[in-house]
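Dear colleague,

Please find below the structure that I promised to hand over. My notes on what was found in it follow directly after.

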Amino acid sequence: MEFLRRFEPLWLALVIIAGLNWAFVALFDWNMITAIFGSGTVTDVVYSILGLAALMFVPRLLGDLHVHRGRMRPTGA
C-alpha cells in the first residue's frame with residue numbers, strides 16, 4: 001500500500017490530464033491525446049495508462065469514504 005501512496009502525485013497528475021482531455025472533447029470536440037499522439041497503438045497505451053491511474057485512486061477513495069469490508073450491518077442499539 002505504501003508503494004501506491006508514493007506515486008499518488010503522479011496518478012493525480014495523470015487523472016487531471018485525462019479529465020481535461022475529456023472536457024476538451026465535450027466542450028470543443030477536440031481530443032488532446034489524439035492530437036498529440038495520433039491514432040494508433042500509442043494512443044491506446046496512453047489511454048490504458050490514464051485508466052490505470054484512475055484505478056490507483058480507488059483504494060484511496062474507499063478509505064476517504066470510510067467504506068470497510070467485512071461488516072455488512074451497522075452496529076448499535
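A patch, as the word is used here, is made of residues with over 30% relative accessible area and no salt bridge, where like charges are joined within 9 Å and nonpolar side chains (Val, Leu, Ile, Met, Phe, Trp, Tyr) within 5 Å; a salt bridge is a side-chain nitrogen of Lys or Arg within 4 Å of a carboxyl oxygen of Asp or Glu. Accessible areas come from the Shrake-Rupley method with a 1.4 Å probe, and for residues only the protein chains shown count as cover.

Please keep in mind that this is a predicted model, in which local features need pLDDT of at least 70 and side-chain atom pairs count only at pLDDT 80 or more, while totals for chains, interfaces and linings use all residues. Residues are numbered from 1 along each chain as its sequence is written, and side-chain values use heavy atoms, with hydrogens and water left out.

The protein chain has five helices and zero strands (DSSP runs of H or I with at least four residues, and of E with at least two, numbered from the N terminus). Of its 77 residues, 14% count as buried, meaning under 20% relative accessible area, whereas exposed means over 50% and partly exposed lies in between.

The largest nonpolar core, a set of buried Ala, Val, Leu, Ile, Met, Phe, Trp, Tyr and Cys residues joined through side-chain atoms within 4.5 Å, has seven residues: Trp 11, Leu 14, Ala 18, Ile 33, Val 46, Leu 50 and Ala 53. Helix 2 (8-28) and helix 4 (41-56) are the elements that give two or more residues to this core.

On the surface, Leu 12, Ile 16 and Leu 20 make a nonpolar patch of about 260 Å². Ile 16, which lies in helix 2, is partly exposed because its relative accessible area is 46%.

Best wishes

Technical notes:
Buried < 20%, exposed > 50% of the residue type's maximum accessible area, 1.4 Å probe, protein only.
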